[in-house]
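Dear colleague,

I am passing on the structure below, and I would be glad if you kept it open while you read the notes that follow it.

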There are 2 protein chains.
Amino acid sequence: MSVSRRGRPAGPTGPVIGRALRLLDAFDAERRELTLSDLARRAGMPLSTTHRLMQELCAWGAVERGTDGLYRIGLRLWELGSLAPRGPGLREAALPFLEDLSRITRENVQLAVREGAEVVFVERIASSDAVPVLTRVGDRFALTATGVGLVLLAHAPVEVQEELLNGPIVRYTAKTVTDPAQLRRMLADVRSNGFSISDRQVTMDALSVGAPIRDRQGEVVAAVSLVVRHGSTTSHALARLVRTSAQAISRALSV
Amino acid sequence: MSVSRRGRPAGPTGPVIGRALRLLDAFDAERRELTLSDLARRAGMPLSTTHRLMQELCAWGAVERGTDGLYRIGLRLWELGSLAPRGPGLREAALPFLEDLSRITRENVQLAVREGAEVVFVERIASSDAVPVLTRVGDRFALTATGVGLVLLAHAPVEVQEELLNGPIVRYTAKTVTDPAQLRRMLADVRSNGFSISDRQVTMDALSVGAPIRDRQGEVVAAVSLVVRHGSTTSHALARLVRTSAQAISRALSV
DNA sequence: GACAGTCTTCCATTTTCCGGAAAGTGCTCT
DNA sequence: AGAGCACTTTCCGGAAAATGGAAGACTGTC
């Protein structure tokens with residue numbers, strides 16, 4: 001029946017919610033404002049579909065549309081995001097300690113949590129006279145390279161560790177450790193020492209020292225790190241400092 | 001065909017995205033963790049539907065599910081929210097000035113934007129020895145009562161003003177102005193003076209003074225306010241202070 | 001004024017979504 | 001123990017909502 005004249009008529013091709021969320025994914029730190037066509041291109045959807053979905057998102061306030069026709073993430077979404085427990089709650093508790101750390105060392109301070117097999121940076125305090133770091137709040141990174149990543153990986157569930165160690169490991173520089181056996185040893189060190197060192201594993205001029213933050217139950221929920229220029233200070237002195245700071249934050253979380 | 005034995009089979013009853021977003025709406029500052037049944041109740045949906053929708057949202061990372069089975073807002077949503085231009089961008093630019101204001105006056109400082117016919121508080125610095133205020137970050141309020149609200153309403157598009165002035169006006173206290181004509185006069189004053197005064201219009205013990213923050217184009221995009229105990233200081237001195245601060249923030253926004 | 005780029009509306013087609021019912025969990029109380 | 005209860009998960013036929021090509025409206029540019 002129905003000769004289906006020329007182009008095939010139509011019919012859903014995937015879960016609706018998934019498509020809507022894929023559209024939201026098209027936004028990132030570099031592209032906070034997008035046209036309808038941009039969104040359609042980036043999400044790989046027909047224009048008409050994109051248009052309809054964006055209308056629904058707009059109606060609720062997830063996205064906003066300026067007088068110029070550009071779409072932006074809406075306030076409503078920001079409000080919702082503020083309710084995420086790991087992000088903002090942790091962030092607020094840790095902020096004063098991070099500032100202390102920044103003031104004392106005059107180096108870059110970072111706060112991150114694990115999300116699946118990645119680190120997500122939740123807060124970052126940059127010092128003007130420190131190594132310029134490339135990470136921004138909200139950025140994601142491989143767990144295997146950064147100081148915070150090593151801490152979070154070392155205390156992650158075994159399944160996550162195994163999956164990462166058995167899979168391909170991202171290489172950023174010549175110093176990035178990609179050998180599973182060596183990584184295993186590093187993770188064991190992190191657990192016994194209470195801090196991690198990522199020596200030029202992300203960029204050749206920087207080194208980062210990380211330490212775990214624990215919740216009331218002793219579970220590792222986040223990590224702090226200090227990013228310093230390679231060869232600047234004794235890393236042991238830094239390690240003590242970061243570890244102490246992480247413990248202070250853990251204590252603050254428990255109240 | 002199909003006798004439809006007892007209960008009616010099924011069929012969509014509303015836009016999918018809308019329903020998903022309604023579920024997310026069930027979360028608020030007091031209830032950051034919800035069970036499936038809670039969500040179903042609060043959103044007024046069948047359990048099975050709720051379950052399926054939450055699964056989809058989980059798969060993408062909009063919400064997370066702890067080992068305890070409770071749903072929480074996910075990090076992914078926080079990341080997205082951080083991309084909202086009016087919220088975080090403005091917030092960061094204004095923060096240092098708000099802190100100055102807080103230090104100088106030792107009173108409560110608030111930063112807010114307009115969303116439709118409401119004010120949304122974007123940032124708030126509380127002083128320990130000031131009037132306890134009831135607003136939290138992310139809270140919404142009527143435009144007609146607060147100091148920030150009056151500023152934002154005074155510079156809102158005419159349609160918004162008319163709609164609000166012609167509709168019913170929320171009354172919080174005996175001093176809340178609900179007469180459209182009087183409100184019109186107040187708004188005109190706000191525009192010519194460059195600041196607003198909301199005298200005991202929200203609570204009987206507090207008074208707030210607001211001033212507009214403008215973007216590069218001179219458009220009013222936000223408002224700052226100082227909340228002080230009724231009868232504490234000369235409001236004129238405060239008005240000057242708030243207005244100066246708002247202008248400084250406007251300047252900072254334009255770079 | 002034709003063109004290339006956006007954005008918006010329409011509509012026949014069909015696939016995804018719906019939700020009652022029932023089975024599966026993990027408790028507290030008797 | 002096992003009945004009782006609250007919460008969670010899976011199943012499935014049917015129906016409505018979602019789909020996307022095409023065509024129309026609206027720019028701004030050569």
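To begin with one residue, B:Glu118 counts as partly exposed, because its relative accessibility is 31%. Please keep in mind throughout that this is a predicted model.

The side chain of B:Glu118 meets that of B:Arg140 in a salt bridge, with 2.8 Å from N to O. This pair links distant parts of the chain, since B:Arg140 lies in strand 6 (residues 140–142) of chain B and B:Glu118 in strand 5 (residues 118–125) of chain B, 22 residues apart. B:Arg140, at 25% relative accessibility, also counts as partly exposed. Both residues belong to a network of salt bridges, in which A:Glu64, A:Glu79, B:Arg86, B:Glu115, B:Glu118 and B:Arg140 are linked.

As general background, side chains of opposite charge can pair when their charged atoms come close. Over all chains, the structure holds 28 salt bridges, and two others are described here.

One of them joins the side chains of A:Arg140 and B:Glu79, at 2.6 Å from N to O. This pair crosses between chains, running from strand 6 (residues 140–142) of chain A, where A:Arg140 sits, to helix 4 (residues 75–81) of chain B, where B:Glu79 sits. A:Arg140 counts as partly exposed at 26% relative accessibility, whereas B:Glu79 has a relative accessibility of 13% and therefore counts as buried, the cut-off being under 20%.

The other is formed by the side chains of A:Arg103 and A:Asp100, again with a value of 2.6 Å from N to O. These residues are about one helical turn from each other, because they are three residues apart in helix 5 (residues 85–105) of chain A. A:Arg103 counts as exposed, with 55% relative accessibility, while A:Asp100 is partly exposed, with a relative accessible area of 34%.

Finally, I looked at helix 9 (residues 235–253) of chain B, whose 19 residues should span 27 Å at 1.5 Å a residue, and this agrees with its end C-alpha atoms, which are 27 Å apart. Which residues of helix 9 of chain B are buried? They are B:Leu238, B:Ala239, B:Val242, B:Ser245, B:Ala246, B:Ala248, B:Ile249 and B:Ser250. In chain B, these buried residues pack against helix 5 (85–105), strand 8 (206–214) and strand 9 (220–229).

With best wishes

Definitions and conventions
Residues numbered from 1 in each chain as written. Chains lettered and ligands numbered in written order. Predicted model: local features only at pLDDT ≥ 70, side-chain atom pairs only at ≥ 80, totals over all residues. Heavy atoms only, no water. Helix = DSSP H or I, 4+ residues; strand = E, 2+ residues; numbered from the N terminus. Expected span 1.5 Å × (residues − 1). Buried < 20%, exposed > 50% of the residue type's maximum accessible area, 1.4 Å probe, protein only. Contact = heavy atoms within 4.5 Å. Salt bridge = Lys/Arg side-chain N within 4 Å of Asp/Glu carboxyl O.
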